[in-house]
Amino acid sequence: MNSLVKKILNYIQLEEKYINQLSLERELSNFQDANGIHEFCARILQAKQNNEKVFVGGDYDADGICATAIMIDTLRSLGIQCGYYIPNRIKEGYGLHVATVEKVAEKNYGLIITVDNGVKSIEAINRALELGVDVIVSDHHTYEEELPCLLLHSFNMGEKYQFLSGAGIALAVARVLGVEKKEHVVLAGIALLADMMKVWNENRIIIKEAITYLNQGYVKAIQKFKSKYDQWNETTLSFNLIPKLNAASTLSFFSINLTSPASSGFSLETEYPSGFSIFNGVSFTSIVDF
């Protein structure tokens with residue numbers, strides 16, 4: 001590290017542990033050391049063993065969309081029958097709702113997994129438990145009240161993982177369950193940038209690998225946005241792809257339909273009213289698949 005770089009780092013008063021990360025080269029974690037993740041994954045494997053239907057309750061922003069996609073793809077890869085729902089931002093608002101869990105119970109789901117939400121949905125969680133539907137929550141938002149169910153939260157997963165977003169947590173769950181796909185890393189990297197999470201610890205590795213995989217041609221649906229650029233980087237993602245995802249969800253222009261992984265790669269699509277597809281390969285209406 002040259003003297004100018006040292007002066008800049010000293011000026012911005014970075015802690016030494018963060019300074020060391022700027023030159024650290026390592027592979028993505030397997031997340032086996034994350035606090036609480038084995039209990040969380042054990043409940044999913046129990047659902048597989050018991051042939052329970054599993055419902056994924058997602059969120060409508062870029063992080064929630066990507067987290068839902070990763071979790072659904074992981075469950076399908078494990079052979080678990082699953083469904084998902086992303087609420088309408090304007091009509092329903094954020095989080096898991098009582099009306100949703102009542103429909104879930106009617107359709108004989110045994111387990112609800114929330115991604116990128118859940119810590120504020122205590123009423124809905126209690127209602128699900130009353131109806132005999134188990135709930136496990138994965139979230140990264142601030143919470144105050146203790147939940148009446150199993151919680152996997154980035155704040156509690158350990159220092160390496162404290163800045164993970166919802167999709168980052170979903171990626172961790174997938175990898176601990178033995179489902180390791182480069183497409184998942186891409187989606188998690190996009191989500192971390194979209195949610196403006198701190199680019200330290202595991203987040204740096206996820207984003208770096210996501211950009212590498214994008215530049216290798218992974219997730220062909222996203223490659224449609226590359227025509228004007230020589231390569232993918234933080235700027236092309238943050239100012240080209242991510243605003244389209246967030247704009248569509250903010251205006252409630254869509255719901256999301258997730259396809260099964262195909263030879264062409266993982267596919268996720270949203271549509272504007274004009275018919276312009278953010279992701280090519282799936283249709284949207286009011287995203288429900290359960």
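Two strands pair if DSSP finds at least two bridges between them. The views below are taken from a predicted model.

**View 1. Strand 3 and strand 4 lie paired in the parallel sense.** Strand 3 covers residues 111–115, and 5 bridges join this strand to strand 4. One of the bridge pairs places Thr114 with its partner Val137 in strand 4. The chain passes from strand 3 to strand 4 by way of helix 6 (residues 122–130), and this β-α-β crossover is right-handed. Another pair of residues to find here is Ile113 and Ile136, the latter standing opposite in strand 4.

**View 2. Strand 3 is mostly covered.** Of the 5 residues in strand 3, 5 are buried. Which residues of strand 3 point one way, and which the other way? Leu111, Ile113 and Val115 point one way, whereas Ile112 and Thr114 point the other way. Residues on both sides of the strand are buried.

**View 3. Strand 1 pairs with strand 3 in the parallel sense.** Strand 1 is made up of residues 54–57, and its pairing with strand 3 runs over 4 bridges. Gly57 has Thr114 as its bridge partner in strand 3. Thr114 also has a bridge partner in strand 4, namely Val137.

**View 4. Strand 4 is largely enclosed by the rest of the structure.** This description of strand 4 (residues 134–139) holds because 5 of its 6 residues are buried. Strand 4 also pairs with strand 5 (residues 150–153), in the parallel sense and over 4 bridges. Within this pairing, Asp139 stands opposite His153 of strand 5.

**View 5. The second largest cavity has a lining of nonpolar and polar residues.** The structure holds 2 cavities of 30 Å³ or more, and the second largest contains about 50 Å³ of space. Its lining includes Phe55, Gly57 and Gly58, along with Tyr85, Pro87 and Asn117. Gly95, Leu96, His97 and Thr100 line this cavity as well. By type, the lining residues divide into 4 nonpolar and 6 polar, with no charged residue. Gly57 thus appears in two views: in this lining and as the bridge partner of Thr114.

**View 6. Cys41 and Cys82 are both buried.** Why does Cys41 count as buried? Its relative accessibility is 3%, and buried means under 20%. Cys82 has a relative accessibility of 15%, so Cys82 counts as buried too. The count of disulfides comes to 0.

Terms used. Residues numbered from 1 in each chain as written. Predicted model: local features only at pLDDT ≥ 70, side-chain atom pairs only at ≥ 80, totals over all residues. Heavy atoms only, no water. Disulfide = S-S within 2.5 Å. Buried < 20%, exposed > 50% of the residue type's maximum accessible area, 1.4 Å probe, protein only. 1 Å grid on protein atoms, 1.4 Å probe; cavity = no way out; pocket = protein on both sides within 12 Å on 5 of 7 lines; lining within 4 Å. Points joined across faces, edges and corners; volume = space filled by probe spheres on them. Nonpolar A, V, L, I, M, F, W, Y, C, P; charged D, E, K, R; others polar. Right-handed = clockwise from strand over helix to strand, strands pointing away.
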